[in-house]
Amino acid sequence: MITNAKEDITDGEEYLLLIEFVHRHLGFHDAELESILEMSGIKLGVDCHYKALPNTDTDSNKFSIYTDAEGKLGTKKIDLVTSLARCTLIRSVIEIWGLGSTIEDCVKVTKDENFQKRHQRGKHLGDAATKYEDRTFKVTIHTLGSTYTREEQNDMRSQFSFLDFPGAVQMKNPDDEYLFIREVELDDKGGAIYPRHSGENREIIPENDARPPLGCYFGRVLGVGRNWRGSGRLEQYSLKKRAYLGPTSMDSELSLIMTNLAQVKKGSFAFDPFVGTGSILLTTALRGAYAFGTDIDLRVLRGRSQTENIVSNFSQYGLPPPELVRSDNAIYHRHFRQHLPLFDAIVTDPPYGIRAGARKSGSRKDEVRPVLDEHRHDHIAQTRPYVVSDVMSDLLNVAAMTLRMGGRLCYVIPSMQDFNESEDLPRHDCLRLVSVCYQPLQTELGRRTVTMEKVREYEEDKRDEYVKNTWANGPESADKVANIREKLIEAAKKKPDYEEKAAIRKQKRKATKLAKQKAKREAREAK
Amino acid sequence: MRLLTHNVLRNNTKAANGSNTPLRITATEVRVDEPTSNNDPDAERREVEFAKNMLPALNWDTLIEGAKSMGLDSLPPSVTPELANDEGFLRALYHVLMDVHLVNGMLTCTETGREFAVTNGIANFMLEEDECEVPK
């Protein structure tokens with residue numbers, strides 16, 4: 001990766017970078033990128049700009065070009081590429097040498113523009129870099145959404161053979177990597193809209209094969225995000241590799257995106273008031289934050305055993321142990337003294353009662369029976385259901401109270417289709433909405449990752465007012481995030497064949513149960 | 001449980017009546033971790049930064065009491081402006097705040113005598129139902 005690159009482009013000259021995104025979490029691309037740029041002190045629209053690609057509409061976020069038309073980026077250019085490496089959703093960043101609607105056009109531009117000359121001079125690489133004559137290289141091909149055989153890829157490669165690099169080809173860690181991208185129209189899931197091969201017998205569909213690509217791009221790779229030279233940076237954090245998990249553990253990719261949205265960096269103090277199995281807290285620690293988590297459920301905090309708990313997950317990655325406290329976020333003010341803002345970031349996945357129901361302290365009954373002194377020792381404190389609208393208003397209020405000025409709150413909120421982003425999102429007088437990223441889950445259900453920033457000092461005596469203002473449309477908005485589990489079941493019942501499928505599921509459950517009982521019995525008898 | 005957490009935790013139930021007195025630590029097991037900075041100047045700088053950021057939020061007397069009951073009595077009685085900018089002091093403060101863990105023990109509210117157990121480093125601050133406000 002080029003971290004010490006010195007670009008010898010003069011002021012005012014355009015410097016084009018192509019950012020290739022991973023075709024996942026489409027709604028998150030811009031928000032993550034912009035958050036990272038802001039964190040690195042690079043102002044979009046001042047230091048660098050978006051530039052639409054010639055043959056795609058401007059809204060397409062599959063690829064974007066950054067330009068330095070104003071020539072103000074200067075030394076920040078180096079930071080730009082380095083900081084982009086943190087983006088979970090960026091596949092690669094290249095310095096554009098050529099682009100066009102077909103590979104022939106792309107080759108022609110590459111020939112005419114002659115960025116190679118600049119690279120040949122090598123000033124931007126610094127004095128210590130290997131000389132151009134000796135630089136090893138490789139040419140990588142990305143054909144998104146379609147498969148090409150090795151021979152076909154070699155044909156594409158040979159189109160660029162006029163570049164005639166003097167160094168040797170080296171597949172592993174070459175000095176220079178060149179990338180050719182052939183883009184076709186993709187659907188939401190990353191499959192081609194006009195696939196090159198048929199689904200069944202993998203035969204080429206001639207009319208789709210003949211379709212021109214959306215665009216072709218060629219350039220020198222500056223840095224790569226998640227799969228930097230295939231080292232599998234992301235895979236090592238996969239939930240599958242962790243000893244301790246729960247049913248609602250957040251997947252590592254979205255957690256990492258959330259830490260970017262919340263701008264968690266080395267030395268940040270990060271807080272998760274609904275820590276659960278600590279999956280989000282762990283990723284904040286991976287970013288170098290000091291991790292603090294609370295939960296009302298003591299069982300998830302303790303874990304299953306000495307080797308399967310939150311702390312063991314942390315030590316698996318060589319991270320210092322997180323701070324865990326069992327407390328109830330609904331009554332934060334009852335557990336903690338009034339203190340100055342502590343946290344730089346709050347990253348959390350609050351309980352919405354879809355899989356894990358939310359509880360808070362207190363008795364279900366109106367009449368609370370006092371706990372007798374002789375029972376205190378082993379009494380289990382009662383909890384009662386915690387309504388989602390209160391979960392949210394408490395979360396926002398605790399965030400407003402405990403975040404430092406400029407600190408960020410990033411949380412996930414699920415919703416059905418009737419949810420109106422501009423009206424129904426919870427708000428707080430001290431927090432500014434930064435970004436909302438939508439992720440569809442099912443036809444009716446989706447979830448949003450919301451990022452907010454503290455912009456105003458919290459005033460203790462305004463607490464009631466803050467909480468009251470959480471829902472712009474009052475109960476109507478609050479109702480839209482509540483009872484999602486019930487709504488999902490309702491929606492499922494309306495589908496055709498619901499009854500038959502439910503019967504099949506019931507039978508399967510029964511069979512599994514019987515099998516388990518049988519296995520247990522046999523194990524007992526074997527003893 | 002770290003001393004930083006002890007510093008901000010309070011028993012704020014109705015019974016305590018807003019007395020806001022710190023919790024008394026009865027330690028049965030204390031673990032002191034080795035500093036993790038490993039002479040890395042960057043990590044050391046971050047520790048200093050962190051301690052400096054925490055300093056205004058800390059209740060110093062509570063910290064002294066807490067550290068004492070965990071077997072540490074090296075903290076100065078008060079923080080002078082010179083100390084607040086002294087790197088050596090700030091790094092030592094970071095060590096006290098973050099690397100000293102109460103593994104097992106008890107936290108006692110001096111006002112009401114209410115006890116909160118700490119087991120395996122996790123403080124259990126759950127309130128009994130009769131300590132919470134009656135639901136509206």
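In this predicted model, A:Cys87 counts as buried because 24 C-beta neighbours lie inside 10 Å of this residue, the cut-off for burial being 20 or more. The residue sits in the loop that runs between α2 (76–84) and β4 (90–100) of chain A. Measured in sequence terms, A:Cys87 and A:Arg135 are 48 residues apart, and in space they are 28 Å apart, C-alpha to C-alpha.From this loop the view can widen to chain A, which is divided into domain 1 (2–222) and domain 2 (237–482). The centres of the two domains of chain A, taken over C-alpha atoms, are separated by 38 Å. Where the domains meet, 12 residues of domain 1 of chain A are in contact with 12 residues of domain 2 of chain A, and the side contributed by domain 1 divides into 6 nonpolar, 4 polar and 2 charged residues.

The next feature is a sheet that draws on both chains. Eleven strands form this open sheet, with mixed pairing, in the order β15(A)-β16(A)-β14(A)-β11(A)-β8(A)-β9(A)-β10(A)-β4(B)-β3(B)-β2(B)-β1(B). Its edge strands, each pairing on one side only, are β15 (431–440) of chain A and β1 (23–32) of chain B, and the twist from one strand to the next averages 15°. Within chain A, strand β9 (residues 290–295) pairs with β10(A) in the parallel sense over 4 bridges, and A:Gly293 has A:Leu324 in β10(A) as its bridge partner. The passage from chain A to chain B is made where β10(A) pairs with strand β4 (residues 122–124) of chain B, in the parallel sense and over 2 bridges; here A:Arg326 has B:Asn124 in β4(B) as its bridge partner.

The strand β10(A) also figures in the wider contact between the chains, which takes 32 residues from chain A and 27 residues from chain B. On the side of chain A that touches chain B, the elements giving two or more residues are α9 (298–302), β10 (323–326) and α11 (332–335) of chain A, and the largest share, 4 residues, comes from β10(A). The residues on this side of chain A divide into 14 nonpolar, 10 polar and 8 charged.

Two helices of chain A can be placed against the strands of the sheet. Helix α7 (residues 252–261) of chain A lies across β11 (343–348), β14 (403–415), β15 and β16 (446–454) of chain A, and runs at about 25° to β16(A). Helix α13 of chain A lies across β8 (269–272), β11, β14, β15 and β16 of chain A, and runs at about 165° to β14(A).

Turning to the interior, the largest nonpolar core has 127 residues, and those with the most contacts inside it are A:Ala270, A:Val347, A:Ala399, A:Ala400, B:Leu97 and B:Ala123. Helix α13 (residues 388–402) of chain A gives the most to this core, with 9 residues. Why does this core lie between domain 1 and domain 2 of chain A? Domain 1 (2–222) and domain 2 (237–482) of chain A both give residues to the core, so it lies between them. Around one of the core residues, A:Val347, the contacts with residues beyond four places away in sequence are A:Met258, A:Thr259, A:Ala262, A:Val264, A:Ala270, A:Asp272, A:Ile280, A:Thr284 and A:Cys410.

Definitions and conventions: Residues numbered from 1 in each chain as written. Chains lettered and ligands numbered in written order. Predicted model: local features only at pLDDT ≥ 70, side-chain atom pairs only at ≥ 80, totals over all residues. Core = buried A, V, L, I, M, F, W, Y, C linked by C-beta atoms within 7 Å. Buried ≥ 20, exposed ≤ 12 C-beta atoms within 10 Å, placed from the backbone. Domains from an automatic or database assignment. Contact = placed C-beta atoms within 7 Å. Nonpolar A, V, L, I, M, F, W, Y, C, P; charged D, E, K, R; others polar. Pairing = 2+ DSSP bridges. Axes fitted to C-alpha atoms, helices over the stretch in contact; angles between N-to-C directions.
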